[in-house]
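User: Please take a close look at one part of this model, a single strand and what surrounds it, and then work outward to the charged pairs and the chain contact. Keep it to one connected account.

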Amino acid sequence: MTLPMKYKYRKIISPICLMVIWEIVGRFIWVDPFFFPPPSAMFKELYAMIITGEVFPHIAISITRALSGYILAAVAGLTIGLLVAWSSAVEDIIDPLIELIRPISTFALVPVMFIWFGIGNGSKIAIIFKACFFPIVLNTIAGIKGVDKKLIQAARSLGANGSQLWIKVLIPAALPMIVTGMRISTAMSMLAIVGVEMLAADSGIGFLVIDAQRTFATARMFAGIIVISFLGFSLDRIARIIQNRMLAWHTETSLSGGMV
Amino acid sequence: MYLIEAEKLKKVYAEGKSKNTIAIEDFNLKVKEREFTSIVGPSGCGKSTFLLLVSGLEKATAGKLYINGQPVNGPDPLRSIVFQEYLLFPWKTVRGNVEFGLEIKRIPKKKRREISSAYIELVGLEGFENRYPHELSGGMKQRVAIARALVNKPKVILLDEPFGSLDALTREGLQTELLRIWHEAKCTVLFVTHSISEAVYLSDKVAIMSKRPGRIKELITIDLPRPRTKDMFVSSEFREYERYLKELVWEEFNDVTNEI
């Protein structure tokens, strides 16, 4: 639901209030600025990082890692998801693995990945892969299996069979679910990359934050966190826009709630 | 020579929640080419099952089912089915939906456009070619579904309570439209309905089914002149057909209630 323009300002009230209260507390009431650097200091730090251009390579490397893992996960997730939905034999073989590996926290696998892939980019991409793979594969399976049986009957009665049924009916009908899985995974990739860069990295936005903490530069640490928030937010917005463009029919259908 | 011949037809559902239910048994019905036959009977008597058997989407357990002298063997676009729930492809426009059967047959785009335009006109949807299903009313969706079924030039069109979820006025309008379309498309119609007056108004013959396991209890020829008009609804002959058919259906219904 999009709000009318005149109500849009409501959405920025709470972030601004938080900043203002924090600033007032930081300036006029005694708190240790080491723990609570005032927002003005954070944004000054952020401004400096942008002006010197120092932040951009970190952003670029984080996004590159996240995107590499994400693309691998998307390709594998879609392929395996479609295979599982297609054949019950494949499902019986693959499903137990999915169910056993999925509940393992991504970060529980970090030590394993370090041993297998070293502490370079390989292990980081593998971690992103683990974080992104499951939403995509599960939504693909659920999407295909959830296609209305009668819609399939209607298509078969019109002459569709075998591969035509998949390409022209099952996949398009499941696309809203599949794309939702892919969108959830973009958020997952950001969560995972920041975490893993804090554990072992000498670059990336997660490294920037942990490095600032290690050197007690708390204003800089918070500036990095603002960058992370902004990156995650923008990525989700972009994913939403792509989703809505691709699936205009679906958004409209769910809004009108009609039978189709 | 009959177009549809069902002899001692039997269908037992082997799986799902209706496991081992005998849907129809000892089902005999013969339909001539270009006849309009309605099937009326109590809920769950197997009316829809018979349509699914004729469409080839379900396989008979026993008995004979011949179309045009050939045994039914799987779905065939020459026997199109239209469901109560429309089951349009929500990601396709009106034109895209109507062209589905042609797309499956790999008919070139230009030719497809020509054919679909003719059928869109036949069902009275000119000007709505580029609309999506969610932008249409229930009556319009059902028109699209009918055009989509007609595009393969079927010999038989199977309508499973097509007007069941429409309001009374739309329903009346579409009944008249259906007669016109049937006349122009020169096909044979099997029409499942709960409405006795609808059956009398539309049909050459009305088949009354018994309660489950369904069989044809009586086949009545409706000897009203064509073209049918709305004022026939109040003629004494129409009323007499209606009264007689209602009695037959009520007998079955009472049997069902007595069992409870």
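Analyst: Two strands count as paired if DSSP finds at least two bridges between them. The model is a predicted one, and the pairing described here is read from it.

The part to start from is strand β8 of chain B, residues 188–192. It has a bridge partner strand in β3(B), residues 36–40, and the two pair in the parallel sense over 4 bridges. Within that pairing, B:Thr37 has B:Leu190 of β8(B) as its bridge partner. Strand β7(B), residues 156–160, is also joined to β8(B), by 5 bridges, and these two strands run parallel. Here B:Leu158 stands opposite B:Leu190. B:Leu190 therefore appears in both pairings, as partner of B:Thr37 and opposite B:Leu158, where pairing of strands rests on the bridges that DSSP finds. In general, strands of a sheet pair through backbone hydrogen bonds, either parallel or antiparallel.

The side chains of this strand are covered as well. Of the 5 residues in β8(B), 5 are buried. On one side these are B:Thr188, B:Leu190 and B:Val192; on the other side they are B:Val189 and B:Phe191. Both faces of the strand are thus covered.

Two residues of β8(B) lead on to a charged residue. B:Glu35 touches B:Thr188 and B:Val189, and its contacts beyond four places in sequence also include B:Trp182, B:Asp204 and B:Lys205. B:Glu35 sits in the loop between β2 and β3 of chain B. Its relative accessibility is 11%, so it counts as buried. The side chain of B:Glu35 has a polar contact of 3.0 Å with that of B:Lys205, and the two side chains also meet in a salt bridge, with N to O at 3.0 Å. This pair connects distant parts of the chain: B:Lys205 belongs to strand β9(B), residues 205–209, and lies 170 residues from B:Glu35. Both partners are buried.

A pair in helix α8 of chain B, residues 236–259, has another setting. B:Glu247 and B:Arg243 both lie in that helix, 4 residues apart, about one turn. Their side chains form a salt bridge at 2.9 Å, N to O. B:Glu247 has a relative accessible area of 41% and is partly exposed; B:Arg243, at 42%, is partly exposed too. Elsewhere in chain B, salt bridges link B:Arg143, B:Glu177, B:Arg180 and B:Glu184 in a network. Over all chains the count comes to 24 salt bridges.

Some of these bridges cross between chains. The interface of chain B and chain A has 2 salt bridges. One of them pairs B:Glu103 with A:Lys168, the closest N and O atoms being 2.9 Å apart. A:Lys168 lies in helix α8 of chain A, residues 162–199, and B:Glu103 in helix α3 of chain B, so the pair joins two chains. B:Glu103 is buried, with a relative accessible area of 17%, while A:Lys168 is partly exposed at 22%. The two values fall on either side of the cut-off, because buried means under 20% relative accessible area.

The interface as a whole takes 28 residues from chain B and 22 residues from chain A. Together the chains bury about 2400 Å², and 68% of that area is on carbon and sulfur atoms. Of the area that chain B buries against chain A, 28% is supplied by B:Trp91, B:Ile104 and B:His134, more than by any other three residues. Polar contact is found for 4 residue pairs between the two chains, both residues being at pLDDT 80 or more. The elements of chain B that give two or more residues to this side are β6 (79–83), α3 (100–104) and α5 (138–150). By residue type, the side of chain B that touches chain A divides into 16 nonpolar, 4 polar and 8 charged.

Chain B also contains an open sheet of 4 strands, in the order β2-β1-β4-β5, with antiparallel pairing. β2 (22–31) and β5 (70–71) are at its edges with a single partner strand each, so one side of each has no neighbour in the sheet. For β5(B) that partner is β4(B), residues 62–67, joined to it by 2 bridges in the antiparallel sense. In this pairing, B:Ile67 has B:Gln70 of β5(B) as its bridge partner.

How values were computed
Residues numbered from 1 in each chain as written. Chains lettered and ligands numbered in written order. Predicted model: local features only at pLDDT ≥ 70, side-chain atom pairs only at ≥ 80, totals over all residues. Heavy atoms only, no water. Contact = heavy atoms within 4.5 Å. Buried area = accessible area lost by both parts, 1.4 Å probe. Salt bridge = Lys/Arg side-chain N within 4 Å of Asp/Glu carboxyl O. Polar contact = N/O pair within 3.5 Å; in protein donor to acceptor, adjacent residues only side chain to side chain. Nonpolar A, V, L, I, M, F, W, Y, C, P; charged D, E, K, R; others polar. Buried < 20%, exposed > 50% of the residue type's maximum accessible area, 1.4 Å probe, protein only.
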